[in-house]
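Okay, hi everyone. I'd like to take a few minutes to talk about pockets, so have a look at this one with me.

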Amino acid sequence: MSTVQQPDPSDRPARLTVGVVGAGRVGPALAASLQLAGHRPVAVSGVSDASRRRAEALLPDVPLVAPAEVLQRADLVLLTIPDDALPGLVAGLAETGAVRPGQLLVHTSGRYGAKVLDPALRAGALPLALHPAMTFTGTPVDVQRLAGCSFGVTAPEELRLAAEALVIEMGGEPEWISEESRPLYHAALALGANHLVTLVAQSMELLRTAGVEAPDRMLGPLLGAALDNALRSGDAALTGPVARGDAGTVAAHVMELRRHAPQAVDGYLAMARATADRALAHGLLKPELAEDLLVVLADSASDADGTTGTDDGTDGTDGTEGNPL
């Protein structure tokens, strides 16, 4: 028997006609999941060929129309466009009279809360910010991945239950985020997910250069275990040469990166410094080993910008007192 608390039926939105403005990777998937919950997609807008293909794959037989017509046809409108374009789109729709009183207007931006929809609110719309904490491919697999996906929810208090009910209908888990916390919330997700893709892609490139024929097979079990350990144990899961204080190994890494992938050096040094700081703060890295590691990282950074690390008459450790790493 499920222990998940279901929303009260009186809190569930009525069956709605659904429109999508911006057929990127997110909008069609959300609309398709709402369709599975009994809502009815009726219109979608998209400009590029890729957008049109996504709409046809995930929302077959749903007509492609202009954004204003999407709002004219739909009770619930998903605004799934890039963050930077959202304020201008909302203002434009409100100014042209496209927004209808009582219409649910939902954006999926992680950066913004509900206030970005204020122009539509003044026109009578009901503003909701529902951001899925998920990476999207633009394929039907995205609908399956929404099961159990957390959504960052921000809305006026009187619409909170409706917002959370919509998320649950899409298979997600609502997580309330205050208006002022939205940028920090989004930065945290970008740091964890977007930068992870960059790190993994760089790692695979380096492994190929080192002669590994299947870097994905090599990294899969390792990264899966590292992610699981990190989610379970946080900083206690730190391992590797930086956490151990193996300054010589880190120096060798930097030397090889300069030779084979100089574009990766800055990222390696930044992450090594952050890792050392956290390992030291949590007692994993011994202070005496941290000093040697700090010298290596400082010298490597100085080499990168063309300056010298320790030719100032010091032993390379001055200025670090009270600043662990």
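**Two pockets, one model**

I'll start with the second largest pocket: its lining residues split into 11 nonpolar, 10 polar and two charged. Keep in mind that this is a predicted model.

So how big is the second largest pocket? Its volume comes out at about 640 Å³. There are 23 residues lining that pocket, and the ones closest to its centre are Val26, His131, Met134, Thr135 and Phe136. In terms of secondary structure, β5, which is 126-132, and α8 each put at least two residues into that lining. Which of the elements gives the most? That's α8, with six residues.

Right, on to the largest pocket. This one has a volume of about 2500 Å³. It's lined by 50 residues, and if you want to find the centre on your screen, go to Leu196, Leu199, Leu223, Met271 and Thr275, which are the closest to it. The elements giving two or more residues here are helices α8 (182-209), α9 (215-233), α10 (241-244), α11 (247-260) and α12 (265-281).

And α8 turns up again: it gives the most to the lining of the largest pocket, with 16 residues. As for chemistry, what does the lining of the largest pocket divide into? We get 31 nonpolar residues, 16 polar and three charged.

If you take one element away from this, take α8: it gives the most to the lining of the largest pocket, and it also gives the most to the lining of the second largest. That's me done, thanks.

Key:
Residues are numbered from 1 along each chain as its sequence is written. This is a predicted model: local features need pLDDT of at least 70, side-chain atom pairs count only at pLDDT 80 or more; totals for chains, interfaces and linings use all residues. Side-chain values use heavy atoms; hydrogens and water are left out. On a 1 Å grid over the protein atoms alone, a cavity is a set of points where a 1.4 Å probe fits but cannot get out, and a pocket is an open set with protein on both sides within 12 Å along at least five of seven lines; lining residues have an atom within 4 Å of a point. Grid points are joined across faces, edges and corners, and a volume is the space filled by probe spheres set on the points. Helices (H or I, at least four residues) and strands (E, at least two) are DSSP runs, numbered from the N terminus. Ala, Val, Leu, Ile, Met, Phe, Trp, Tyr, Cys and Pro count as nonpolar, Asp, Glu, Lys and Arg as charged, and the others, Gly among them, as polar.
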